[in-house]
Amino acid sequence: QVQLVESGGGLVQAGDSLRLSCAASGRTFEGDAMGWFRQAPGKEREFVARIRWSTGSILYLDSVKGRFTVSRDNAKNTLYLQMNSLKPEDTAVYYCAADPSGVLTIRARYWGQGTQVTVSS
């Protein structure tokens with residue numbers, strides 16, 4: 001059974017940092033694309049960042065470039081999202097996702113339960 005378990009969310013002030021973690025288990029993820037989506041209240045879920053597990057190829061949402069960093073620890077099967085210079089508009093539930101096709105979209109095969117990030121002004 002594949003599980004993606006996020007942690008690290010919380011309530012912070014604008015300008016602060018948070019690091020989200022996503023512990024993956026249940027299969028090997030070597031060929032996967034893994035990454036992060038977020039969903040703010042009343043808005044659609046949007047792509048934030050992804051990394052291809054085997055190649056390390058990375059892609060970001062334009063509005064988080066230079067502030068967020070996605071990374072992975074192969075040995076721990078864990079995905080991270082380091083979020084710096086947080087803004088109130090980053091407030092959302094953040095979801096970890098994975099897809100064995102190597103392409104990560106809103107139709108990703110595996111999803112975590114989400115972790116809340118709230119940024120106060």
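# Notebook: salt bridges, sheet, core and disulfide

I began with a charged pair in this predicted model: Lys 65 and Asp 62 form a salt bridge in which the closest N and O atoms are 3.0 Å apart. I then looked up how open the two residues are, and found Lys 65 partly exposed, with a relative accessible area of 48%, while Asp 62 counts as exposed at 58% relative accessibility.

Next I asked how many salt bridges the structure holds. The count is 5. One of them joins the side chains of Asp 90 and Arg 38, at 3.0 Å from N to O. Asp 90 lies in the loop between E8 and E9 and Arg 38 in strand E4, so this pair ties together parts that are 52 residues apart in sequence. I noted that both Asp 90 and Arg 38 are buried, and that these two belong to a network of salt bridges that also links Glu 46 and Arg 67.

I turned to Asp 32, which is found in the loop between E3 and E4, and asked whether it is buried or exposed. Asp 32 is buried, with a relative accessible area of 2%. Its side chain meets that of Arg 27 in a salt bridge of 2.8 Å, N to O, and Arg 27 is partly exposed, with a relative accessible area of 26%. Leaving out residues up to four places away in sequence, I found that Asp 32 touches several others, among them Ile 51, Trp 53, Asp 99 and Pro 100. I also looked up Ala 97, 65 residues from Asp 32 along the chain, and found their C-alpha atoms separated by 9.9 Å.

For the sheet, I recorded 4 strands in the order E1-E3-E8-E7, forming an open sheet with antiparallel pairing. Its edge strands are E1 (3-7) and E7 (68-73), each of which pairs on one side only, and the twist averages 15° from one strand to the next. Looking more closely at E7 and E8 (residues 78-83), I counted 6 bridges in the antiparallel sense, and Asp 73 has Thr 78 in E8 as its bridge partner.

I then checked the loops for positive phi, keeping in mind that most residues other than glycine have a negative phi. Asn 77, in the loop between E7 and E8, has a positive phi of about 50° although it is not a glycine. Ser 85, in the loop between E8 and E9, also has a positive phi of about 50°, and Ser 85 is partly exposed, with a relative accessible area of 40%.

Which residues touch the most other members of the largest nonpolar core? Of its 29 residues, I listed Leu 4, Met 34, Trp 36, Leu 79, Leu 81, Met 83 and Tyr 94. Among the elements that give two or more residues to this core are E3, E7, E8 and strand E11 (115-120). A second, separate core has 6 residues, including Ala 33, Phe 37, Ala 97 and Leu 104. I followed Tyr 94 further and, setting aside neighbours within four places in sequence, found it in contact with residues that include Glu 6, Trp 36, Arg 38, Phe 68 and Val 117.

Last, I looked up the disulfide, of which the count comes to 1. Cys 22 and Cys 96 form it, with their sulfur atoms 2.0 Å apart. The pair links distant parts of the chain, with Cys 22 in strand E3 and Cys 96 in strand E9, 74 residues apart. The torsion about the S-S bond is about -75°, so the disulfide is left-handed, and both Cys 22 and Cys 96 are buried.

How values were computed
Residues numbered from 1 in each chain as written. Predicted model: local features only at pLDDT ≥ 70, side-chain atom pairs only at ≥ 80, totals over all residues. Heavy atoms only, no water. Disulfide = S-S within 2.5 Å. Buried < 20%, exposed > 50% of the residue type's maximum accessible area, 1.4 Å probe, protein only. Pairing = 2+ DSSP bridges. Axes fitted to C-alpha atoms, helices over the stretch in contact; angles between N-to-C directions. Core = buried A, V, L, I, M, F, W, Y, C linked by side-chain atoms within 4.5 Å. Contact = heavy atoms within 4.5 Å. Salt bridge = Lys/Arg side-chain N within 4 Å of Asp/Glu carboxyl O.
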